[in-house]
Amino acid sequence: MDLIKPLELAALDPVGQGAQKLVFRHPDDPRVLAKVVNPRFIERRDERDRFYQKRRRIGHHRAFAREMIEHLVVRALHPGRLAPCPHMQNILGVVDTDLGAALLVEAVLDENGDLAPTLCDLVETGRFGPRERDALEEFFDWALDSNVLINDLSADNLAWHHDGHFVMIDGLGDRAGIPIRAVSPWLNRLYKRKKIRQLREAIEALQDAD
């Protein structure tokens, strides 16, 4: 994989899509994903943003910055040491593409090398059993004990690693203009308890729908 050469993604089909991002498999390494800003998001924000918002230096890449900050926050607890976090999708770097700057991340894969199912996939297909439930509780414990900021703890944002744990693949950081939770561990923990409760309710609703 050439880490310097700009990627050509525009002709490829994304493997994931959200309101803010498009996600592509890396054309040279299927173990890597490239996240770019969704062009539709850029168009909407250009139409709706206020004057001061359009003058942000980071432009439309705020979600990338939030994600990178949370990865550094986790590693700041162990400076100068190898400190990977199994519950967060590993960031590999930033690269230029024909769709703008892309955030390169390690793909969460299943045993066959395909993209791993999300928590939503597991619940909807009846694969959310005792092992997965225990792993989810382990993830919740980590989330509450850590100082990581989370803004979207949905079932689509947790991928199932075949080693037996969940990985958060999106939804990190604080979207607030003034990130109060970043300086208040109590508020941060309270907010995450709320998000965990909402996710439990969403899982029950998915199971009831079956």
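1. Start with E67 and K21: both residues are buried. They pair up in a salt bridge, with 3.3 Å between the closest N and O atoms. E67 belongs to helix α3 (residues 62–75) and K21 to strand β2 (residues 21–25), so this contact links distant parts of the chain, 46 residues apart. Keep in mind as you look that this is a predicted model.

2. K21 has another partner. Its side chain also meets that of D170 in a salt bridge, at 2.9 Å from N to O. D170 sits in the loop between β7 and α6 while K21 is in strand β2, so the pair ties together parts 149 residues apart in sequence. How buried or exposed are the two ends? K21 has a relative accessible area of 8%; with buried meaning under 20%, K21 falls in that class. D170, at 27%, is partly exposed.

3. Zooming out a little, K21, K35, E67 and D170 are linked in a network of salt bridges. Across the whole structure, the search turns up seven salt bridges.

4. One more of these pairs is D145 with R189, whose side chains meet at 3.9 Å, N to O. D145 is in helix α5 and R189 in helix α6, so this bridge ties together parts 44 residues apart in sequence. D145 is exposed, with a relative accessible area of 62%, and R189 counts as partly exposed at 31%.

5. Now the nonpolar interior. The largest nonpolar core has 27 residues, and the members touching the most others are L119, F139, L153, L158 and F166. Two or more residues each come from α4 (119–124), α5 (130–145), β6 (158–161), β7 (165–168) and α6 (185–209). Which element gives the largest share of this core? That is α5, with seven residues.

6. L153 is a good residue to click on. Leaving aside residues up to four places away in sequence, L153 touches F139, F140, L158, M168, K195, I196 and L199.

7. On the outside, I178, I180, V183, W186, L187 and L190 make a nonpolar surface patch of about 670 Å². I178 is in the loop between β7 and α6 and is exposed, with a relative accessible area of 66%.

8. Last, the cysteines. How many disulfides does a search of the whole structure find? Zero. C85 counts as buried at 10% relative accessibility, and C120 is buried too, with a relative accessible area of 11%.

Terms used:
Residues numbered from 1 in each chain as written. Predicted model: local features only at pLDDT ≥ 70, side-chain atom pairs only at ≥ 80, totals over all residues. Heavy atoms only, no water. Disulfide = S-S within 2.5 Å. Buried < 20%, exposed > 50% of the residue type's maximum accessible area, 1.4 Å probe, protein only. Core = buried A, V, L, I, M, F, W, Y, C linked by side-chain atoms within 4.5 Å. Helix = DSSP H or I, 4+ residues; strand = E, 2+ residues; numbered from the N terminus. Contact = heavy atoms within 4.5 Å. Patch = residues over 30% accessible without salt bridge, like charges linked within 9 Å, V, L, I, M, F, W, Y side chains within 5 Å. Areas by Shrake-Rupley, 256 points an atom, 1.4 Å probe, with all protein chains shown as cover. Salt bridge = Lys/Arg side-chain N within 4 Å of Asp/Glu carboxyl O.
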